[in-house]
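Please explain how the side chains and helices of this protein are arranged in space. A formal account, moving from one site to the next, would be suitable.

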Amino acid sequence: MPPPGGPVDSPAYAPSVSPARFADLAAASERIAATRSRLEKTRILVELLGSIDPVEIAPAVGWLVQEPTSGPLGVGPAQLWRLSRSQAPAEASVSIREVEEALHEAAREGRGAALARVAAIFEKLTEPERGFFVGALTGSLRQGSVGGVMQLALARLSGQEPAQIRRAVMVSGGVASAARRLLGPDREAAPPATLEVFRPIAPMLASHADSVDDALSQIGEGDAAIEWKVDGVRDQVNKAHGRVAVFSRQGN
């Protein structure tokens, strides 16, 4: 099925067999950060995701939107900064799959062993990879509004309408989970659209605007309103058949 709005200037979705390099994610992130064009950001993401194995789609998306699929590890900025003081290798050699396996093992083993797992994979990363790794884990990458652009890229690759992708992201609990269901090895025939008990939904995100005037032009001045943003805890509570689950904003 052709992408909505016609073809894009990137390879067709024909995943490679060999594991993608973590360095490819770091390079794509740098290119995304270097442009303000949403069209160019989308093109970069389509080009990258269209060239990797379906099993690596969700991990790649998770890293690029700064929500690695491993979830929280209990390894903070100060610990990562100390790791950054070691000498980095000159040549990239680590695959996305290796990083994912290391971090998922760290998450399973708990905070006590997590740092050792993270340190072991960190030692193998080049300087650009380390910058991307730390930025994605701490949510400090300067890439602009990638979450929304990523949804446009998923729409192009899956041949679905952007509205269907937004719905899929919400009911799947996040962009990476939606990418797995849309483009992963067990991709579903139709975009997920139904709420499921004990599958947390993703919070709605604000849309990007370059200025106040730009924001007003998108929504119409007659409908505009401004409110203070108040910090607090945003939880989701699911209950069925005597089971209760409370999910954080990140779906944990």
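Is leucine 141 buried or exposed? The model examined here is a predicted one. In this model leucine 141 has a relative accessible area of 17%, and because buried means under 20%, leucine 141 counts as buried. The residue belongs to the loop between helix 7 and helix 8 (146-158). Leaving aside residues up to four places away in sequence, leucine 141 touches Ser29, Trp63, Gln66, Gly131, Phe132, Gly135 and Ala136. Aspartate 186, by comparison, is 45 residues from leucine 141 in sequence, and the two C-alpha atoms are 30 Å apart in space.

Two of the residues touched by leucine 141, Trp63 and Phe132, lead to the aromatic side chains. The structure holds six aromatic pairs. One of them is formed by tryptophan 63 and phenylalanine 132, whose rings are 6.2 Å apart from centre to centre with 40° between the planes, a tilted arrangement. This pair links distant parts of the chain: tryptophan 63 lies in helix 3 (residues 57-64) and phenylalanine 132 in helix 7 (residues 127-138), 69 residues apart. Both tryptophan 63 and phenylalanine 132 are buried.

Phenylalanine 122 and phenylalanine 133 form another aromatic pair, edge-to-face in geometry, with 5.8 Å between the ring centres and 70° between the planes. Since phenylalanine 122 is in helix 6 (residues 111-122) and phenylalanine 133 in helix 7, the pair ties together parts that are 11 residues apart in sequence. Phenylalanine 122 is buried, as is phenylalanine 133. The two pairs described so far are not isolated from one another, for ring pairs link Phe22, Trp63, Phe122, Phe132 and Phe133 into a cluster.

The packing of the helices themselves may be considered next. Two packed helices are described by the angle between their axes and the distance between the axes. For helix 6 and helix 7 the angle is about 150° and the axes are 11 Å apart. How are helix 6 and helix 7 oriented to each other, roughly parallel or roughly antiparallel? Because angles over 145 degrees count as roughly antiparallel, the angle of about 150° places helix 6 and helix 7 in a roughly antiparallel arrangement. At this contact Val118, Ile121 and Phe122 in helix 6 meet Arg130, Phe133 and Val134 in helix 7. The residues of the edge-to-face pair, phenylalanine 122 and phenylalanine 133, are thus among those that meet between the two helices.

Helix 9 (residues 162-172) offers a further view of packing. Its buried residues are Ile165, Ala168, Val169, Val171 and Ser172, and these residues pack against helix 8 and helix 10. Just after helix 9, glycine 173 takes a positive phi of about 95°.

Charged side chains complete the picture. The salt bridges number 11. One of them joins arginine 43 to glutamate 47, with 3.6 Å between the closest N and O atoms. An α-helix has 3.6 residues a turn, so residues three or four places apart point the same way. Arginine 43 and glutamate 47 are four residues apart in helix 2 (residues 38-49), and are therefore separated by about one helical turn. Arginine 43 is buried, with a relative accessible area of 18%, whereas glutamate 47 counts as partly exposed at 27% relative accessibility.

A second salt bridge brings together the side chains of arginine 117 and glutamate 109, at 2.7 Å from N to O. Arginine 117 is partly exposed, with a relative accessible area of 33%, and glutamate 109 is partly exposed, with a value of 37%. A third is formed by arginine 181 and glutamate 196, whose closest N and O atoms are 3.4 Å apart. Here the pair links distant parts of the chain, arginine 181 being in helix 10 (residues 175-183) and glutamate 196 in the loop between helix 10 and helix 11 (212-219), 15 residues apart. Arginine 181 is buried, with a relative accessible area of 12%, while glutamate 196 is partly exposed, with 35%. Salt bridges that share partners also join Arg31, Glu40, Arg43 and Glu47 into one network.

A charge and a ring also come together in this model: arginine 243 lies over the face of phenylalanine 198, at 3.8 Å from the ring centre.

Methods: Residues are numbered from 1 along each chain as its sequence is written. This is a predicted model: local features need pLDDT of at least 70, side-chain atom pairs count only at pLDDT 80 or more; totals for chains, interfaces and linings use all residues. Side-chain values use heavy atoms; hydrogens and water are left out. Rings of Phe, Tyr and Trp (its six-membered ring) pair if their centres lie within 6.5 Å; planes under 30 degrees apart count as stacked, over 60 as edge-to-face and the rest as tilted. Buried means under 20% relative accessible area, exposed over 50%, partly exposed in between (1.4 Å probe, protein chains only). A charge sits over a ring if NZ of Lys or CZ of Arg is within 6 Å of the ring centre and within 35 degrees of the ring normal. A salt bridge is a side-chain nitrogen of Lys or Arg within 4 Å of a carboxyl oxygen of Asp or Glu. Axes are lines fitted to C-alpha atoms, for helices over the stretch in contact, and angles run from 0 to 180 degrees between N-to-C directions. Angles under 35 degrees count as roughly parallel, over 145 as roughly antiparallel, 65 to 115 as roughly perpendicular and the rest as oblique. Contact means heavy atoms within 4.5 Å.
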